[in-house]
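Student: Could we go through a structure feature by feature? I would like to learn how each one is read.

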Amino acid sequence: MNFLKKYASYAFLSFSVFPLSVFADWGLNLPRGVTPFSQEIYDLHMYVLWIMCAIGVVVFGAMFYSILVHRKSRGAKAANWHHSTQVEIVWTVIPFVILIAVAVPATRSLIMMEDVGDADMTIKVTGYQWKWHYDYIGTEVDFFSTIEEKSNSARRRGSNIDPFEVEHYLRDVDNYVVVPTNKKIRFLTTAGDVIHAWWVPALGWKRDAIPGFINESWAFIKEPGVYRGQCAELCGKDHGFMPIVVRAVPEGEYIAWVEQQSQARALASEQKNSRNILARTRTDQ
Amino acid sequence: MSEAAAHDHHDAQSTGLMRWLTTTNHKDIGTLYLLFSLTMFFIGGSMAMVIRLELFQPGLQFVDPQFYNSMTTMHALIMIFGAVMPAWTGFANWMIPIMIGAPDMALPRLNNWSFWILPFAFLMLLSTLFMPGGAPAGGWTMYPPLVLQTGDAFPYLIFAIHFLGASSIAGAINVIATVFNMRAPGMTLMKLPLFVWTWIITAFLLIASIPVLAGAVTMLLTDKYFGTAFFSAAGGGDPVMFQHIFWFFGHPEVYILILPAFGIVSAIIPTFARKPLFGYSSMVYATGAIAFLSFIVWAHHMFTVGMPLAGELFFMYTTVLIAVPTGVKIFNWVATMWRGSMTFETPMLFALAFVVLFTIGGFSGLMLGVTPVDFQYHDTYFVVAHFHYVLVTGAVFALMAGTYFWLPKWTGHMYNETLGKWHFWLSTISVNVLFFPQHFLGLSGMPRRIPDYAVQFSDFNMVSSIGGFIYGASQILFVVVVVKCIRGGKKATDQVWEGAQGLEWTLPSPPPLHSFTEAPDPSSITGGNR
């Protein structure tokens, strides 16, 4: 019974646009996000949505009034007029004015988004079938990030693992993208095989990763936290299984992380070198 | 005269299968188109059922990801090129000669040919389901480099598209030749029914855009097999160039799918409101304006590829501008109802649902046109919801409305009104349960074209799937209504609907083999308000 009640209420919700903002936590609406850009476009989204709702109320209101009142079964007699130049000019001009009211703030946000200058740091993101590679430009840090093992085994057909039992099902990776808060981070996106798209909704944008081309975008994350997303451009069989996880931490913690990564990397390459030397000496013998 | 007699003789001679294979009669060919489209609607629909079944719950239960991608790809190709476009050509074949007072289409043999290409093209396309490597799975948009990973199916996909394109262009040429050469005396351009107007404009869109698609897919073919590198950055090409070329076809294409719907709704609403269409000439100009704008908005399908700011701004402004002529149309329909004397037979119900639901699709369309917010919406279920509102509750609902509207004229029998209303209400309720929650899924972060999803999307996916199954099943009722109506039923009058106006209603139901062998009386051509 509870099950039915739950779905009945959802069915009701799905017909009503208005409580969108009220139920923002229910996964009904865009996230506000954690960057100035994501918050600005959230407001823009709500602004346009409310304009659309207002137009809907007027147009559908007139239509349903007419359907209720101007019906033959109520004895309505049809009028015979069929045009009015004035009215037609009015309803051409009004939408035009509304569009200008939409275009102005949209232009402002877009100009802000496309200004990738003065970045504090740069991360190069490369999409592959089906994983991401992250390169922290100017540091030793670079790594691949693939879907986390538990999700990966659960998602296989016939795995008999309940997705609800897997934490962050399909939204977890082995290596997180650690970034500092309150820094302008420039993301360069590209790809090694087919087109992918790098998307973390909390940052407010997605950008295509295209082989042979490099796209620029940026984010300025204000709040520390873990933000999840996934590939958004069809890239073949496992397109649905290349998640993205960004972990934003205060600057100090970020610097420590970079150092630790660099050391781990240096250690790993040292070991690799010594293995190589060993191997060589062995062949020499 | 003797030629016409010989032609009649020929029609009378062929029976059975040969009649349909060799027919040059516009009504026979129209019927073939419509039945073909209905078949494809069910094939494409069953693929949608597979998609909704897999998405019913998180986790992969029924199909593998590759096959899932084939389903979304084939569903789109079949619904666009196999169901909606042939259906409009079918309506054009049946109605345009009758509406303009002509005996037949201008190019009857081309007409036969343009239809009979279709079954072969789709046999080719559907056969790929059984090939090594499976059916095309790179999305109907065929973006390289992904589409170049298609297996043996690849050349079949390309040639099927060439065939479909050839068929569409032939159909478009036929419509233009017919309307410009075969109008009855007195049927001036500004007296044409709006369905004819919207179809001429559609025909020009087809002729201008299909060759562009043909060029794009040919370049894909040579990239794959003949060593060219049009779309490969490694060889000096550009994968984004394909997207530009594809959408230069693709955006006019969406108006190819919807403009005839505007024409049908503009015929139905005045009929059942018993009042002339409001703003006939502004309807014509608005259609022209939409068609023009459709050629300069294409890049709004690809805002996230990383265009220069100027490009993004240009395509945002042109895109939102389409709302002006589209708004004019919607306001005109509402004004047509205003102070009318309405009744609500099935065609009217579908037309009214079209106005409301298409407008909702228009709202989300305008939202998608706002570039900075599109960086969030792009490639999510919000887009899926948007284009299904304009294509299913838009184009398909208009097809349903038109079918109920003219079915008595075509068959000579009235359809079963009770069943028709059941079909309407079941479809309208379920289609909203199906697509409305997808807005929420998209906004809360579910990308499109994924076979499995994070668990926070489970509830709405389940609701959507339930709506999908009911919507799919309801369409069987439509077939029942059509079959019953073809086989018998109350005899339809010539007029059929009390408020109907136009030349098609002056002919008997069903009309004779050759529609107007003599030009209709010019005084019977009122025009200008349908």
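Tutor: We take the sheet, the domains, the contact between the chains and one helix in turn. Keep in mind that this is a predicted model.

Student: What is the strand order of the open sheet of chain A, and how do its strands pair?

Tutor: The order runs 3-2-1-5-8 over five strands, and the pairing is mixed. In an open sheet, look for the edges. Here these are strand 3 (142-145) and strand 8 (215-220) of chain A; each has a single partner strand, so one side of each lacks a neighbour in the sheet. On average, neighbouring strands of this sheet are turned by 25 degrees against each other, direction ignored.

Student: In which sense do strand 1 and strand 2 of chain A pair, and over how many bridges?

Tutor: Strand 1 (residues 121-128) and strand 2 (residues 131-136) of chain A are antiparallel, with six bridges between them. To fix the register, take one residue and its opposite: Val125(A) faces Tyr134(A) of strand 2.

Student: Where are the domain bounds in chain A?

Tutor: Domain 1 covers 12-114 and domain 2 covers 121-250. Their C-alpha centres are 34 Å apart. Nine residues of domain 1 and twelve residues of domain 2 of chain A make up the contact.

Student: Which element gives the largest share of the domain 1 side?

Tutor: Helix 2 (residues 36-69) of chain A does, with four residues. By class, the domain 1 side of this contact holds six nonpolar and three polar residues, and no charged ones.

Student: How many residues does each chain bring to the contact between chain A and chain B?

Tutor: The size of an interface is often given as the accessible area lost when the parts come together. Here we count residues instead: 85 from chain B and 80 from chain A. On the chain B side, helix 11 (residues 323-337) gives the most, eight residues. That side divides into 53 nonpolar, 23 polar and nine charged residues.

Student: Where does helix 14 of chain B bend, and by about how many degrees?

Tutor: An α-helix has 3.6 residues a turn, so residues three or four places apart point the same way. In helix 14 (residues 381-411) of chain B, there is a bend of about 40 degrees at Phe405(B). A proline, Pro408(B), follows within four residues.

Student: Is helix 14 of chain B mostly covered or exposed, and what comes just after the helix?

Tutor: Mostly covered: 30 of the 31 residues of helix 14 are buried. Just after the helix, Gly412(B) has a positive phi of about 85 degrees.

Key
Residues numbered from 1 in each chain as written. Chains lettered and ligands numbered in written order. Predicted model: local features only at pLDDT ≥ 70, side-chain atom pairs only at ≥ 80, totals over all residues. Bend = angle between axes of the 7 residues up to and from the residue. Helix = DSSP H or I, 4+ residues; strand = E, 2+ residues; numbered from the N terminus. Buried ≥ 20, exposed ≤ 12 C-beta atoms within 10 Å, placed from the backbone. Pairing = 2+ DSSP bridges. Axes fitted to C-alpha atoms, helices over the stretch in contact; angles between N-to-C directions. Domains from an automatic or database assignment. Contact = placed C-beta atoms within 7 Å. Nonpolar A, V, L, I, M, F, W, Y, C, P; charged D, E, K, R; others polar.
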